[in-house]
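Work through the exercises below with the sequence and the 3D view at hand. Try each task before reading its solution.

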Amino acid sequence: MYRFLLTPRWWGINVFAVLAIPFCIFMGSWQLGRFEDRVDTHRQQEDRSAQAKAAAARPLDSLLPVDKVTSGRQASARGHYDTEHQLLVPDRTLKDKHGERQGFYVLTLLRTDHGKALPVVRGWLPGDADAKADTAKVPAPPKGEVTVTGALQASENQGTDGVQAGGGLPHGQLGMISAASLVNIVPYDVYDAWITLTDPQAPLQPVPPAAAEGSGLDLKAFQNLGYTGEWFVFAGFVVFMWFRLFRRDAEAAKDAALGLLPEADERADAQVGAPDAPAGAPDVPAGASGVAAEAADGLTGQARGGAAGVGRG
């Protein structure tokens, strides 16, 4: 009854199912592993951030380059603020106990003793970076040699929240905190990192450090979780369709074995054995055709009898 499984059509169906189901399960497990890795990394980052706040600051050069381990660590650097190149970073949101508020960062470059400059976010102010009333509240940076301490951060990129990579900002504003965006603004080398001060000058408010890229529970992490569900659903759909096709063909094979052909097949078989009617001939009912056949037989008999009588005569 299951001989239909050996047909070329079912060979193709079986090969597809055997390959598709393990592939879907593998991809779903891989996406789930990616999500679990992001969760573990997020927890580790939170633990490192808590330890970094309590740990003593380390020299900047000992923490470079910035990675998932050193991001958020307390770094210290010594030098002079470049007051001629103080920049405002507009449209930055600060999340605190008051909710989300819109404002701007105040960024000043620190010329270190090693020659390079370190971008220092001295704090955040509410308001608009284009409004003179709001920018007038920015305090002047300390003069002379200073030692700054803050959370180390990696350079921003186009995917960072709040970044304005398209340019077109007024003079004195910066859309993305990175060495690449500062190379054409200042005439000296800049570290590929920046720090946010933990204890800024009033009325500046401290900017909390951001999680290292690829370590937080962001949209990409939940996309991995969604893809996990999709791949497992695909695997279940393949199994469902295979059993549905199998059940349909098995029932058809059982009916054929019992001689229970569909009505359409019976009509088709009857039409195959019947002679073709002449073109343009009218349809004749079944009963009329029987009467005509009997009449034709009678006429044939009479003709034969007459012929026999003529022969005998």
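**Exercise 1.** Does Arg248 count as buried, partly exposed or exposed, and what is its relative accessibility?

Solution. The model is a predicted one. Arg248 has a relative accessibility of 47%. Exposed would require over 50% and buried under 20%, so Arg248 counts as partly exposed.

**Exercise 2.** Find the residue that meets Arg248 in a salt bridge at 3.4 Å, and place the pair in its network.

Solution. Step one: the partner is Asp249, whose side chain meets that of Arg248 with 3.4 Å from N to O. Step two: check the cut-off, which asks for a side-chain nitrogen within 4 Å of a carboxyl oxygen. Step three: look up the accessibility of Asp249, which is buried at 14% relative accessible area. Step four: add Arg9, since Arg9, Arg248 and Asp249 are linked in a network of salt bridges.

**Exercise 3.** How many salt bridges does the model hold in total? Describe the one between Arg92 and Glu156.

Solution. The total comes to 6 salt bridges. In one of them, the side chains of Arg92 and Glu156 meet at 2.9 Å, taken from N to O. Arg92 belongs to strand S3 (residues 87–96), while Glu156 sits in the loop between strand S6 (145–154) and helix H3 (179–182), so the pair ties together parts that are 64 residues apart in sequence. Next, consider accessibility. Arg92 is buried, at 3% relative accessible area. Glu156 is buried as well, at 9%.

**Exercise 4.** Which residues does Ser178 touch, leaving out residues up to four places away in sequence?

Solution. Begin with the location: Ser178 is in the loop between S6 and H3. Its contacts are Ser155 and Glu156. Ser178 is buried, with a relative accessible area of 6%. Glu156 is also the salt-bridge partner of Arg92.

**Exercise 5.** How far apart are the closest N and O atoms of Arg247 and Glu251, and how are these residues placed in helix H4?

Solution. The closest N and O atoms are 3.3 Å apart, and the two residues form a salt bridge. Both lie in helix H4 (residues 219–257), where a spacing of 4 residues separates them by about one helical turn. As for accessibility, Arg247 is exposed at 58% relative accessible area. Glu251 is partly exposed at 43%.

**Exercise 6.** Trace the strands that pair with S4, and give the sense and the number of bridges for each.

Solution. Take the partners in order of their numbering.

- S2: strand S2 (residues 74–81) pairs with strand S4 (residues 99–112) in the antiparallel sense over 3 bridges. Here Tyr81 stands opposite Leu110 in S4.
- S3: this strand runs antiparallel to S4, and 8 bridges join them. Leu87 stands opposite Leu107 in S4.
- S5: strand S5 (residues 117–126) and S4 pair in the antiparallel sense over 9 bridges. Phe104 stands opposite Leu125 in S5.

**Exercise 7.** How many residues lie between S3 and S4 in their hairpin, and how many between S4 and S5 in theirs?

Solution. The hairpin of S3 and S4 has 2 residues between the strands. The hairpin of S4 and S5 has 4 residues between the strands. In the turn of the S4 and S5 hairpin, Gly115 has a positive phi of about 100 degrees.

Note on methods:
Residues numbered from 1 in each chain as written. Predicted model: local features only at pLDDT ≥ 70, side-chain atom pairs only at ≥ 80, totals over all residues. Heavy atoms only, no water. Buried < 20%, exposed > 50% of the residue type's maximum accessible area, 1.4 Å probe, protein only. Contact = heavy atoms within 4.5 Å. Pairing = 2+ DSSP bridges.
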